Amino acid sequence: MKKFMPKRSQFFTANNGVDVVGDIHGCYEEFIELLSVLGYTFDAKDQLYKHPRGRKLLSLGDITSRGPESLKLLDFFIRHVKEGLAEMVDSNHGWKIARWLDGRRVMLAHGDELVEHQFARYEAERGARPAAQFRYASLQLLMSAPSHIIVKYRGEKVLVAVHAGIKDSYIGTDSPAIQNFCRYGDVAGLGPDGRPIRKDWTVEHLSNMLIIWGHDPRPEPERSEKQNAINIDQGCVFGGKLSAYRYPEDELVSVMAKANYSGLDDTPLTRYVKRK
């Protein structure tokens, strides 16, 4: 890393409520529609989205890649995290883009290459200096994202937000191994098709702490009542939905994708349905 960037806090205080948003993947229009459904309004004075009751936003990561408007999502979270209106956890695509922005040798694939193309277009339209400043701000946002976030509501720890999964013993701690688990989940190698074999980490979640996670798309929000975990990645970029979990209401809210932006017929959503 060119410059050490400490991780942001693992604790996020949301005394007026929190809206946890699943994997966005560059689907900016759907994200703004979801914000409207959740009651957020645009303040033209400071160019920020705010909730009239002071609720806050929390992203499960993977805000970029695959979809059409990754840079708008980066800009949104750069500004809203800075103002204390939102937070975001680390994620596998976020980590890949962060390393690329840091100048490391990474293979941009699976939609990450679209972020490179969008940055190139941004530089061509606005110039080298604004593009460099935006790239560095994006690097800071992604590189300093915590592996998971514990939400505090009126003095109590009420839920954990994580991208792909977490063990009970990892909650509130950190290490490179924990960061990788939170980014990728419990992976048991690769299958014959080259895709990761994902183990169900939720079966070992025995504590009472509610865990909200994404990464592994399912057609509908999926509650694991016994394990007290909820998956809210509904594959918006694959033509599914963009979902949010609202606390303390314990409500799930979704909006439909406007398109299958991936251009793929065989997607994580279609494969999930086949497995079922």
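A residue is called buried when its relative accessible area is under 20%, exposed when that area is over 50%, and partly exposed in between (1.4 Å probe, protein chains only). The views below show a predicted model, where local features need pLDDT of at least 70, side-chain atom pairs count only at pLDDT 80 or more, and totals for chains, interfaces and linings use all residues. Residue numbers start from 1 along each chain as its sequence is written, and side-chain values use heavy atoms, with hydrogens and water left out.

**View A. Thr267 sits in the loop between strand 15 (251-256) and helix 7.** Helices (H or I, at least four residues) and strands (E, at least two) are DSSP runs, counted off from the N terminus. With a relative accessible area of 2%, Thr267 is buried. Look around it and you'll find that Thr267 touches Phe238, Asn260 and Ser262, once residues up to four places away in sequence are set aside. Touching, or being in contact, means having heavy atoms within 4.5 Å.

**View B. Helix 7 (residues 268-275) has Pro268, Leu269 and Tyr272 as its buried residues.** Imagine peering down the axis of helix 7: its buried residues fall within an arc of 100 degrees, so they line one face of the helix. That arc is taken from the directions running from the helix axis to the C-beta atoms. If you're wondering about the pattern, an α-helix has 3.6 residues a turn, so residues three or four places apart point the same way. The buried residues of helix 7 pack against strand 12 (222-224). Turned away from that buried side is a face with the exposed residues Val273 and Lys274.

**View C. Helix 2 (residues 70-82) packs with helix 4 (residues 113-126).** Two packed helices are described by the angle between their axes and the distance between the axes. Here the angle is about 80 degrees and the axes are 9 Å apart. Each axis is a line fitted to C-alpha atoms, for helices over the stretch in contact, and angles run from 0 to 180 degrees between N-to-C directions. Helix 2 and helix 4 are therefore roughly perpendicular to each other. For that wording, under 35 degrees counts as roughly parallel, over 145 as roughly antiparallel, 65 to 115 as roughly perpendicular and the rest as oblique. Which residues do the meeting? Helix 2 brings Ser70, Leu71 and Leu74, and helix 4 brings Val115, Gln118, Phe119 and Tyr122. Sorted by class, this contact of helix 2 with helix 4 has five nonpolar, two polar and no charged residues. Nonpolar covers Ala, Val, Leu, Ile, Met, Phe, Trp, Tyr, Cys and Pro, charged covers Asp, Glu, Lys and Arg, and the others, Gly among them, are polar.

**View D. Helix 6 (residues 176-184) is home to Gln179 and to Arg183.** Gln179 counts as buried at 15% relative accessibility, and Arg183 counts as buried at 3%. Skipping neighbours within four places in sequence, Gln179 is in contact with Lys7, Ser147 and Asp174. With the neighbours within four places left aside, Arg183 has contacts that include Lys7, Asp90, Trp95, His163 and His215. Arg183 and Asp62 are 121 residues apart along the chain, and their C-alpha atoms are separated by 9.7 Å.

**View E. Pro248 and Asp250 share a view of the loop between strand 14 (241-247) and strand 15.** Check the backbone here: the peptide bond from Tyr247 to Pro248 is cis, with omega near 15 degrees. Asp250 is partly exposed, at a relative accessible area of 39%. Not counting residues up to four places away in sequence, Asp250 touches Arg223 and Tyr245.

**View F. His110 and Arg154 are non-glycine residues with a positive phi.** Most residues other than glycine have a negative phi, and most peptide bonds are trans. For His110, phi is about 55 degrees; for Arg154, it is near 50 degrees. Where do you find them? His110 is in the loop between helix 3 (92-101) and helix 4, while Arg154 is in the loop between strand 7 (148-153) and strand 8 (156-162). His110 is exposed, with a relative accessible area of 60%, and Arg154 is exposed, with 57%.
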